[in-house]
Amino acid sequence: MISILFSGNSKVFDGVLTCMLSIFKRTDTKEPFHFYIYTMEITRVKPEYTPISPEMIAFLDGVAKTYNEKNAVTAVDVTEIYEREFAHCPNEDAYCSPYTLLRLFADLVPGMPDKLLYLDVDILFNRDIRLLYEIDVSEVEYAAARDHYGKYLINPHYINAGVLLFNLKKMKETGILAKARRLIQTKKLVFADQSALIRSTASKKLLPQKFNDQKFLHKSTVVRHFSKRLFYLPYPHTANVKQWDVSKIHRIFHYYVFDDILYDYIYLKKKFEAEKEEC
């Protein structure tokens, strides 16, 4: 079983769907996938902070099962854990949203596998996921690639937490996630969960940039991460182009290698919306 973790609210549907499709279309394996999505209801912070819906989960699960009937998509409601651990903490207005903090609960959710790949939802796989998932992390807490900008501006070994291969068994032994949660509870951090995780790390494996390419797409790229990036033309500016904005993927990045994934996404998104209207 290949175990993958996402986190987010009702707005992550497009990201999860496109990322799942990229995994299925770029990986040739009979091994089943189990996708976990940590979610919560926290409308006291913002009205739109609602959990991913059962209808979305059922649709995603159905899509996954068309590739392998043993595949599964499971929503895990961590509202109670969040309110106990992070309610009104200094990082509740995190740079993205409180949902970025949910990956720090992996050791508190019962039944999670010892090896777990956490992914941000703005990710597409360009090559077989097993190139990443089968990396040996038995002697470290996790594996991650350097942050494209952070490795220049902050520290040569500064990692990006959008792709994290967890050795959850070892993480429970070292208490890294408990340490990170204490930092979230007590200190205002620039990058919230990412900063807390980095400060709490005892051991990690640094991966080549191809496992989390945040700026370029090469033939060797395994993971293309569509995070905010800097553009120099026609003038220096930042833009946050996501993979589900297909026209911008074509117009700005001139990427067509993902068209088989994105055209299936367009069809499936319309199918989901049509089924929702019928209900």
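So, what share of the 279 residues in this chain is buried? The answer is 57%. Before I go on, keep in mind that this is a predicted model.

Let's start with the whole chain. We have ten helices and eleven strands here. The C-alpha trace spans about 45 × 45 × 40 Å along its principal axes. Is that what you'd get from a compact globule? Well, with 279 residues, a compact globule would have a radius of gyration near 19 Å, and this chain comes in at 18 Å, so the two agree.

Now the contacts. Take the ones between residues at least 6 apart in sequence: 72% of those join residues at least 24 apart.

On the outside, the chain exposes about 12800 Å², and carbon and sulfur atoms supply 54% of that. As for charge, there are 39 positive and 35 negative ones, and their mean positions sit 7 Å apart.

Okay, let's zoom in on two helices, 7 and 8. Helix 7 runs from 176 to 186. Which of its residues are buried? They're Ile176, Leu177, Ala180, Arg181, Leu183 and Ile184. Those residues cover an arc of only 160° around the axis, which puts them on the same side of helix 7. If you want the background, an α-helix has 3.6 residues a turn, so residues three or four places apart point the same way. And what do the buried residues of helix 7 pack against? Helix 3, strand 6, helix 6 and helix 8.

That brings us to helix 8, residues 192–200. This one is mostly covered, with seven of its nine residues buried. The buried set is Ala192, Asp193, Gln194, Ser195, Ala196, Leu197 and Ser200, and you'll notice Asp193 in there along with Gln194. Their packing partners are strand 6, strand 7 and helix 7. So strand 6 turns up for the buried residues of helix 7 and for those of helix 8.

Last thing: two histidines with backbone angles to look at. His88 has a positive phi of about 60°, although it isn't a glycine. You'll find His88 in the loop between helix 3 and strand 4. Buried or exposed? His88 counts as exposed, because its relative accessibility is 66% and the cut-off for exposed is over 50%.

The other one is His254, where phi is near 60°, again positive in a residue other than glycine. His254 lies in the loop between helix 9 and helix 10. At 54% relative accessibility, His254 counts as exposed too.

Definitions and conventions: Residues numbered from 1 in each chain as written. Predicted model: local features only at pLDDT ≥ 70, side-chain atom pairs only at ≥ 80, totals over all residues. Heavy atoms only, no water. Buried < 20%, exposed > 50% of the residue type's maximum accessible area, 1.4 Å probe, protein only. Helix = DSSP H or I, 4+ residues; strand = E, 2+ residues; numbered from the N terminus. Contact = heavy atoms within 4.5 Å. Arc of directions from axis to C-beta. Rg over C-alpha atoms; globule rule 2.2 N^0.38 Å. Areas by Shrake-Rupley, 256 points an atom, 1.4 Å probe, with all protein chains shown as cover. Lys, Arg positive; Asp, Glu negative; His and termini not counted. Charge placed at Lys NZ, Arg CZ, Asp CG, Glu CD.
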